[in-house]
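Let's take a walk through this model together, starting with a sheet and ending with two loops. Keep the viewer open as you read.

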Amino acid sequence: MSAFNDIRDYVAIPRVLSLKLSPDGSRLVSVVQSLNPDGKSYGTALWAVPVDGEPYRLTRSSKGESSAAFTDAGDVLFTSSRPDPTVKDAGEEVPALWLLPRGGGEARQVAARPGGIASFRTAGDVVVFASDVFDGEEATEEERRKARKDAGISAILHEGYPVRFWDHDLGPGRTRLFAGRLGADRLEDVRELTPDAGEALRDAAFDLTPDGATVVTTWRLALPRGEMRTELVAIDVATGERRVLFGDEAHDFGGQVAVSPDGTRVACTRDRLTALEVSARSELWVGDLATGEGHVPAPDLLFPADVEWAPDSSAVYVAADHQGRRPVFRVALGDGSGEAVRVTGDDASYLGLNASADGRFLYALRSGVGAAPGPARIDPAQAEIADLPSPAPRPELPGTLTEVSATADDGATIRGWLALPQGASAADPAPLVVFIHGGPLGSWNDWQWRWQSWIMAAHGYAVLMPDPCMSTGYGQDMIDRGWGDWGPRTMADLEAIVDVAVARDDIDAERTAAMGGSFGGYMANWVAGHTDRYKAIVTHASLWNLDQFAGTTDAAMYWQREFGPVGSERYAKLSPHLSLGEIRTPMLVIHGDKDYRVPIGEALRLWWDLQRSEVEAKFLYFPDENHWILKPGNVVAWYETVLAFLAQHVLGEEWKRPESVA
């Protein structure tokens, strides 16, 4: 028996979330998530991972810790909502900034704000952090927050767009940047750097120059008709003076913002603003901090996921999707080659890149479809990779992973992963479940805590994870193939690779199902209305009526760039609801009420339409979840309901209502 047989065992698996290397290169610090003793929620703690030793736990608090980073002196800064024992009647618990001394001992709070402290960066004794701030006098902010809460006021007056994001309402506070200096006990001389920011710093990504003199941050511009774009700006920490580094009308700048160790250059991503005939494209951008002049050093390296400078500032290490993996590439600067040289040659995916000060090693989180994240050391010169002891050892898999590919009707190669359960063979072929990924820009190239193929494998299913059109890691042509042609083009790609999978003698072609979430849910709905090859369809957080979705999602401007104005031609071509009359396959509809990316109205409309059409269906509704299902108990209910639904319609078993659902 593996941890994947019982969903309760699965949700209890600890998870390594991040990785930061100490200045002396002797240890890493990780945020590790694990199940709380009540079994109803997750908590976090900081763990030390010596580069030559066994991991050990650094913190223990009921509120947990996050966003850990080292100071230049080797102390650990982190954020936590834990109460400060030195302050009586501290009021509402919001994240504050804490320091754990490098020599050990108790952590102490070094900075707090009424609106909490979010992300932060440090260099020397300078710390820059983001905080949520009410407009008005700073001295009265805490009092005004309390008065609003005591009066039971939740109203927010908006004068611009957007008003919601993912699963939370925006406002009434707005993000500001603050700077201070680490003193003996507290952060001293704390001052606001961006009093005029408005909504410009919402979800900002920023970095600090090594001398602590300049913060480089994304800066969002509100444009007419609800549009926006993002520039990169440099802010003088001493004066608050701001200047634009990179910005033009055709691109967003941001993503992974990283200042070079010598303080002269900035690396980030440059994302093309899309339109009806302009597809998405994301590139590595490197520019001069003094002049603002920049360029794309490796044009073929697309959709960077993580960026880390070489310690001598001569090159940038980039983790980017590639053929169902996420390797690390090295991009040399100054030689004009435009080449990204692959550093890791395995099947893994990497994030959390950290370069040692001597340039010998990279440290990163190493994972893959068949491996949970764990710390690893990379020797770029020798192309050697070694896993380090992990605070959360990887669970044993209940099957095997293999690669499949097919040729689509237009000649394109469609590849994917196939997870096979133990014992699948020609004598005992496994039923097949097709997982359709979300995005639509994305790839099945990494471990998934939400959509876990190995749970399906533990219950006897083979799982096909295809990368159809608009999947990242296959060049710009793969994105272009599906742009503005979501349903038809994607389905043709899926059909091609499913045909290859079911032709295997260890797959049962007569017992198949399709599942998808978000864009994958859109495709599950599309598949339901355009083929009867599957015995069951599971559609999660799915788009159903594009007219409805395009004006109610939290980022309407993004989707309408590709679809056009609501009611235009592409809606009639691409909306799954127009094929309702063709649906014959039993469907399981899943949605969370706090989903603002694909609002609950999509599921309610779909459910009503299925009821009116007398399609056999069930609706699994989560009043307290967002776009994904994250709470441990709800995760159990999700998997148990999906497995029961598949058992009924794919395996032909009697319906058994899971005890985990009401």
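Two strands count as paired here if DSSP finds at least two bridges between them. Keep in mind, too, that this is a predicted model. With that cut-off in hand, look at strand S18 (residues 228-236) and strand S19 (residues 242-246): four bridges join them, and they run antiparallel. They are a pair because four bridges satisfy the requirement of at least two. Zoom in on Val 233 and you'll find Val 244 of S19 standing opposite. S18 and S19 make a hairpin, with five residues between them. In that turn sits Gly 240, whose phi is positive at about 80°.

Now turn to the other side of S18. Strand S17 (residues 214-222) is joined to S18 by nine bridges, and this pairing is antiparallel as well. Here Val 216 stands opposite Ala 234 in S18. Put it all together and you get an open sheet of four strands, in the order S16-S17-S18-S19, with antiparallel pairing. Strand S16 (206-208) and S19 are the edge strands, each pairing on one side only. On average, neighbouring strands of this sheet are turned by 35° against each other, ignoring direction.

Next, a helix. How many of the ten residues of helix H2 (residues 141-150) are buried? The count is one, so H2 is hardly covered, given that buried means under 20% relative accessible area. After H2 comes Gly 152, which has a positive phi near 70°.

What about empty space inside? Rolling a probe the size of a water molecule over the atoms shows where empty space is left. In this structure there are two cavities of 30 Å³ or more.

The largest cavity holds about 50 Å³ of space. Its lining includes three tryptophans you can pick out by number, Trp 444, Trp 447 and Trp 451, along with Phe 435, Val 369 and Met 465. Also in the lining are Asp 446, Gln 448, Gln 452 and Ser 453. By class that comes to six nonpolar, three polar and one charged residues.

The second largest cavity has a volume of about 30 Å³. Its lining divides into nine nonpolar, no polar and one charged residues. Among the lining residues are Ile 13, Pro 14, Arg 15 and Val 16, as well as Ala 372, Pro 373 and Trp 449. Strand S1 (15-16) and strand S30 (371-379) each supply at least two residues of this lining.

Finally, two loop residues are worth a stop. Asp 75 lies in the loop between strand S6 (66-70) and strand S7 (76-80). Is Asp 75 buried or exposed? Its relative accessibility is 12%, so Asp 75 counts as buried, the cut-off for that being under 20%. A polar atom of the Asp 75 side chain lies 2.8 Å from the backbone nitrogen of Arg 102.

The other stop is Ser 568, in the loop between helix H8 (556-563) and helix H9 (569-574). Ser 568 has a relative accessible area of 24%, so it is partly exposed. The side chain of Ser 568 reaches the backbone oxygen of Phe 563 at 3.3 Å. If you measure from Ser 568 to Asp 547, 21 residues apart along the chain, their C-alpha atoms are separated by 9.0 Å.

Terms used:
Residues are numbered from 1 along each chain as its sequence is written. Side-chain values use heavy atoms; hydrogens and water are left out. Buried means under 20% relative accessible area, exposed over 50%, partly exposed in between (1.4 Å probe, protein chains only). On a 1 Å grid over the protein atoms alone, a cavity is a set of points where a 1.4 Å probe fits but cannot get out, and a pocket is an open set with protein on both sides within 12 Å along at least five of seven lines; lining residues have an atom within 4 Å of a point. Grid points are joined across faces, edges and corners, and a volume is the space filled by probe spheres set on the points. Ala, Val, Leu, Ile, Met, Phe, Trp, Tyr, Cys and Pro count as nonpolar, Asp, Glu, Lys and Arg as charged, and the others, Gly among them, as polar. Axes are lines fitted to C-alpha atoms, for helices over the stretch in contact, and angles run from 0 to 180 degrees between N-to-C directions. A polar contact is a pair of N or O atoms within 3.5 Å; within protein, one must be able to donate a hydrogen and the other to accept it, and residues adjacent in sequence count only if both atoms are side-chain atoms.
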